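Biologist: I'm new to this one, so please take me slowly through one part of it, the pairing of charged side chains. How many salt bridges does a search of the whole structure find?

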Amino acid sequence: MSDATQRPDVDEDAWATACEEDLRAEQARRRATHGTPPGSAADEFRRLLDAVADKVSAFPSSLPGKAAQSAVQQFVDQAKAVVEPVVERNPQVFDYLAAAGGELLAAYRSAVEGQEQRWTRGAREPQAPQEPGRGPGEDPGPTERIDLD
């Protein structure tokens, strides 16, 4: 290679360094604007258990209150003992569970909205077209299409 085709001393990772700096600056700007983003589902679950434990310990110290407080505190401690090993080994499990819960909620909401629409339309609802090969009074069978979107 000749000297004319050789590159001058340039930081090989200059682009990566600039991108990292831009990303950090953007993250700092968003934190300043919107506050800190929520952590992973596992971290949020830990924070929930800690908040419940703190609230339980703040109950008034009457005799029934102490009994309830100790029972709830025992439950929270047992839940922490069960959850902590799972969180430590597989923190992504809670992310998957949270996503699955969101999908189940969306499916339930869709089913309820569809049923509400059928109830509000009443008897004026047009009949669904019959499948080919079935008569007007024949039972469609045990299957039914359920729209989950």
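Modeller: First, the term: a salt bridge here is a side-chain nitrogen of Lys or Arg within 4 Å of a carboxyl oxygen of Asp or Glu. Side chains of opposite charge can pair when their charged atoms come close. Searching the whole structure that way turns up 4 salt bridges. Keep in mind that this is a predicted model, where local features need pLDDT of at least 70 and side-chain atom pairs count only at pLDDT 80 or more, while totals for chains, interfaces and linings use all residues. Residues are numbered from 1 along each chain as its sequence is written, and side-chain values use heavy atoms, with hydrogens and water left out.

To find your way around, look for 4 helices and 0 strands; these are DSSP runs numbered from the N terminus, with helices being H or I of at least four residues and strands E of at least two.

Start at helix H1, residues 14–34. Its end C-alpha atoms are 30 Å apart, which agrees with the 30 Å its 21 residues should span at 1.5 Å a residue (the expected span is 1.5 Å times one less than the number of residues). Just after H1, Gly35 takes a positive phi of about 85 degrees.

In H1, Glu20 and Arg24 sit 4 residues apart, about one turn of the helix, and their side chains meet in a salt bridge at 3.6 Å, N to O. Glu20 is partly exposed, because its relative accessibility is 45% (buried means under 20% relative accessible area, exposed over 50%, partly exposed in between, with a 1.4 Å probe and protein chains only).

Further along H1, the side chains of Glu26 and Arg29 pair up at 2.6 Å, N to O. These two are 3 residues apart, so about one helical turn separates them. That spacing fits a general rule: an α-helix has 3.6 residues a turn, so residues three or four places apart point the same way. Glu26 is partly exposed at 29%, and Arg29 is partly exposed too, at 46%.

Now for a pair between helices: Asp50 and Lys80 form a salt bridge of 2.7 Å, N to O. This one links distant parts of the chain, with Asp50 in helix H2 and Lys80 in helix H3, 30 residues apart. Asp50 counts as partly exposed at 36% relative accessibility, and so does Lys80 at 25%. Back with Glu26 and Arg29, there's one more partner to spot: salt bridges that share partners join Glu26, Arg29 and Arg30 into one network.
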